[in-house]
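Let's walk through this model together, one piece at a time. Have the sequence and the structure open as you read.

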Amino acid sequence: MPSLVEIRNLSVHFPVKSGLLQRQTGVVKALDDVSLKIDKGSTLGLVGESGSGKTTLGRVLVRLQNPTSGSASYDGQEITSLDGSALRPYRKRIQMVFQDPYNSLNPRLRIGTILAEPLEIHFPKMSASDRSARVAELLKLVGLDPAHARRFPHEFSGGQRQRIGIARALAVEPEFIICDEPVSALDVSVQAQIVNLLMDLQDQFDLTYLFIAHDLAVIEHVSDQVAVLEHGKLVEEGSAETITRHPSHPYTQRLLASVPAL
Amino acid sequence: MVADLFQSLLRRPAGLVSAILLILLYGAAALAPFLAPTIPSAQDLNRTYHPPTTLVWQEGRLCVRLYRLVDPSTATYEPLPGQAAPLRWFSEGPPYKLFGLITSKTHLVTVESPAALYLLGSDATGRDVFTRLLYGAGISLGIGIVGVFLTSLLGLTIGGLAGYLGGWADSLAMRLTEFLMAVPGLYLLLALRAALSSRFPSDATFLLIVVILSALGWAGTARVVRGLVLSLRERPFILATNILGQRPTVILFRHLLPNTFSYLVVAATLSVPGYILGEAALSFLGLGIQEPSSSWGLMLGQAQDIKIFMLNFWWLLTPGAAIILTVIAFNLLGDALRDAVDPRFRLPGR
């Protein structure tokens, strides 16, 4: 079975400019020759320290960041070169859940408006009443009260906002969701709820996840495959069990050793 | 939305008082011809620098006392004991046009001829200061509102586009604002006045001043809006709309610019006084509103005579008090509005 997402030799380099003339004096390799595959319906856990390039990889897949070289294909189609209307179908198929629940919702819009926006974009024929019915359905899906549609984001807790962020991603009926550290800004007890919600939704809708985190315990829990990034390089890849039980690379071993034991 | 805004405003006493005061001021400005006892150009050379006339209750009616000129050289007036003329409500006076449309002769209050009603005294040619203050309010306050509206519109559009588009559009807009901000304001004001005055007929001075003040004022707003848009552009909720494939114009108008509104509303309200003062400065220098029209700045300009300070004709400085009152009211209203437009500050219980 071909993989849903295939990343081949992907590199993202940022020039470092300094001095009066802003000459390029160096380069930061956020991603350096990374190749990965994600199978349909599976979860790839992406681990690494801050600055290891995890988020950059996610941003390349949703086209917020253009790669310096290499390619990323989705369902057999190269997506890093798509533009405008050619990209549009993939906007519906690939979605993202953000790390910071406090900044990922427009503070001026009611929840109902926030959740209706993806519907307006990708289901333009939907009537207003169908849209609000769908919004209510989405809220129920992520464990919130449909009456919350009338509220503003600031009236919710971090965990609830993250649920709304997940509902927004689900609104377009995507196949692939990039979860960019979806729980690292939340309380530990809330983390478990959100992780379980994501896993339930995966079963329900046959979703594929790229789950970015720095918490190995969470990664082990949600992932089928795990990839470890260090300074933009892929240092180790394998099944979740292999990586967490028998890490072969010294960096992975160090990462595992740094997990606090209770 | 508007109802929400009004409700949250109602709960803030300072804001509410300012709002009421400003509504009264603007209402008075709009109805000036009717509220004023006379017209602003009506002179009475026998009653120059007349002090405010006292109102007394006599024979069951409100009356105005009669005065006698004691010493013309110092403009000393003295009330005639026991003599007063009754106020006539809704009576006929000099004809005027309300809102520039409705011709009428009915004034709220006038007095019979030998008596004179000077609620705030008279000026060097015996014109009623109260009447001129009311007529001047229309011009001074109008310039504030129209000027701020134009500036905000310009600043929001230019700043928003510069921040969102970036690149050469951003550079062009920002170099222009830097140029405007680098030239000393007063010189630019005078230069623009000189350059533009030939393009406007003399009775369109109002328009000319608004255009000049807005042309100078948008730069600051545009820079701040650009900065806000630049920082908002990288916020996850904007990234999320990008990922959803939202059109750039919708992102700009639904997500980016509304998030600059709380700043903009406050900045706009707080900059209204700047326009009123700008008009006052121009008129004070004799480059703004011209006689026989009246404006607060023009009235203050005419009150800079040393005689007025020496002889304590304090009522000629009432336009200054009106400016101070308006400026404070706009500042307090700006503060209250900032809280009201930001959903995060919305008070509980709704």
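A residue counts as buried if 20 or more other C-beta atoms lie within 10 Å of its own, exposed if 12 or fewer, and partly exposed in between, with C-beta atoms placed from the backbone. This is a predicted model, in which local features need pLDDT of at least 70 and side-chain atom pairs count only at pLDDT 80 or more, while totals for chains, interfaces and linings use all residues. Residues are numbered from 1 along each chain as its sequence is written, and chains are lettered from A and ligands numbered from 1 in the order in which they are written.

Start with helix 2 of chain B, residues 13-30 (helices are DSSP runs of H or I, at least four residues, and strands are runs of E, at least two, numbered from the N terminus). Its buried residues are Gly15(B), Ser18(B) and Leu22(B). Seen down the helix axis, they fall within an arc of 65° (taken from the directions from the axis to the C-beta atoms), so they line one face of the helix. On the other side, Pro13(B), Ile20(B), Ile23(B), Leu24(B) and Gly27(B) are exposed.

Now turn to where the chains meet: 21 residues of chain A are in contact with 16 residues of chain B (contact means C-beta atoms, placed from the backbone, within 7 Å). On the chain A side, helix 2 (84-93), strand 6 (94-97) and helix 3 each give two or more residues. The largest share, three residues, comes from helix 3 of chain A.

Conventions
Contact = placed C-beta atoms within 7 Å.
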